[in-house]
Amino acid sequence: MSVIYLLISISIIVAVAFLLAFVKAVKSGQYDDDYTPSVRMLFDDELKKKNQNNPK
């Protein structure tokens, strides 16, 4: 029975460590999307052309 308590406590410690690592990664900008805004401007002209050809 003591092994179950040991495993539960270790799993909680590991889960907290992963949570802290995730929070640190989010705060440091790891998941910021830097690529999409630079590519979006390349497709703006195509979207305008489609909207002019198909007015609703």
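**Reading a three-helix predicted model**

Student: What makes Gly29 stand out just after α1?
Tutor: Gly29 takes a positive phi of about 90 degrees there. The model is predicted: local features need pLDDT of at least 70, side-chain atom pairs need 80 or more, and totals for chains, interfaces and linings use all residues. Numbering starts from 1 along each chain as its sequence is written, and side-chain values use heavy atoms, without hydrogens or water.

Student: How do you know how many helices and strands there are?
Tutor: DSSP runs decide: H or I over at least four residues is a helix, E over at least two is a strand, numbered from the N terminus. The protein chain has three helices and zero strands.

Student: How do you know that the span of α1 agrees with its 26 residues?
Tutor: The expected span is 1.5 Å times one less than the number of residues. For α1 that gives 38 Å, and its end C-alpha atoms lie 38 Å apart, so the two agree.

Student: Why is the pair of Phe22 and Tyr31 called tilted?
Tutor: Ring centres of Phe, Tyr or Trp (six-membered ring) must lie within 6.5 Å; planes under 30 degrees apart are stacked, over 60 edge-to-face, the rest tilted. The structure holds one aromatic pair. Phe22 and Tyr31 sit 5.9 Å centre to centre with 45 degrees between the planes, hence tilted.

Student: Why is Phe22 called partly exposed, and Tyr31 exposed?
Tutor: Buried means under 20% relative accessible area, exposed over 50%, partly exposed in between (1.4 Å probe, protein chains only). Phe22 has 46%, so it is partly exposed. Tyr31 has 56%, so it is exposed.

Student: Which helix has the lowest mean pLDDT?
Tutor: pLDDT is the predictor's confidence in each residue, from 0 to 100. Helix α3 (residues 44–53) has the lowest mean among the elements, 65, and α1 the highest, 97. Where pLDDT is low, predicted coordinates should not be read in detail.
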